[in-house]
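Good morning, colleagues. Please look at the display while I take you through a short selection of features.

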Amino acid sequence: MNDQIQDASLSLSQWASGVTGTDVLDHVRHIVRTCVVDTIGVAVAGSGTGVAAMARQVAKQNACRGSADVLGSGTTASAATAAFCNAAA
């Protein structure tokens with residue numbers, strides 16, 4: 001990563017870690033809440049599909065253990081494996 005991108009990433013992370021609820025406008029909070037609920041709903045619904053089941057099976061056979069949740073399965077896996085399975089959902 002070049003220095004310019006690294007500096008921008010650091011600045012953004014420092015800003016984001018200091019944001020409080022009062023810093024965000026009400027209508028923006030509403031939009032964020034709607035997006036988060038939608039994303040979780042779609043992920044949970046998708047976790048029951050055949051594609052998600054195949055992804056979990058591949059991960060179970062080939063991946064590392066860890067503490068990241070694999071949505072809809074009641075299991076955990078490494079962060080990378082859980083991300084793979086959850087993205088398939």
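I shall speak about the core, the cysteines, a surface patch and one strand residue.

Please bear in mind that this is a predicted model.

I begin with the interior. Which residues form the largest nonpolar core? Ala-59, Val-70, Ala-77, Ala-82 and Cys-85 do, giving a core of 5 residues. As general background, nonpolar side chains in soluble globular proteins tend to be buried together. Within this group, Ala-59 touches Cys-85, and also Thr-81, when residues up to four places away in sequence are not counted.

That brings me to the cysteines. Is Cys-85 buried or exposed? Cys-85 has a relative accessible area of 4%, and it counts as buried because this value is under the 20% cut-off. Cys-35, by contrast, is partly exposed, at 44% relative accessibility. The number of disulfides in the structure is 0.

Turning to the surface, there is a nonpolar patch of about 500 Å². Its members are Leu-25, Val-28, Val-32, Val-36, Ile-40 and Val-44. One of them, Val-28, belongs to helix H2, which spans residues 26–46. Val-28 is partly exposed, with a relative accessibility of 32%.

Finally, I come to Thr-75, in strand E2, residues 75–77. Its relative accessible area is 40%, so Thr-75 is classed as partly exposed. Which residues does Thr-75 contact, leaving aside neighbours within four places in sequence? They are Ala-68, Asp-69 and Val-70, and Val-70 is also a member of the core described earlier. Arg-65 lies 10 residues from Thr-75 along the chain, and their C-alpha atoms are separated by 9.8 Å.

Thank you for your attention.

Note on methods: Residues are numbered from 1 along each chain as its sequence is written. This is a predicted model: local features need pLDDT of at least 70, side-chain atom pairs count only at pLDDT 80 or more; totals for chains, interfaces and linings use all residues. Side-chain values use heavy atoms; hydrogens and water are left out. A nonpolar core is a set of buried Ala, Val, Leu, Ile, Met, Phe, Trp, Tyr and Cys residues joined through side-chain atoms within 4.5 Å. Buried means under 20% relative accessible area, exposed over 50%, partly exposed in between (1.4 Å probe, protein chains only). Contact means heavy atoms within 4.5 Å. A disulfide is a pair of cysteine sulfur atoms within 2.5 Å. Patches are made of residues with over 30% relative accessible area and no salt bridge: like charges are joined within 9 Å, nonpolar side chains (Val, Leu, Ile, Met, Phe, Trp, Tyr) within 5 Å. Accessible areas come from the Shrake-Rupley method with a 1.4 Å probe; for residues, only the protein chains shown count as cover. A salt bridge is a side-chain nitrogen of Lys or Arg within 4 Å of a carboxyl oxygen of Asp or Glu. Helices (H or I, at least four residues) and strands (E, at least two) are DSSP runs, numbered from the N terminus.
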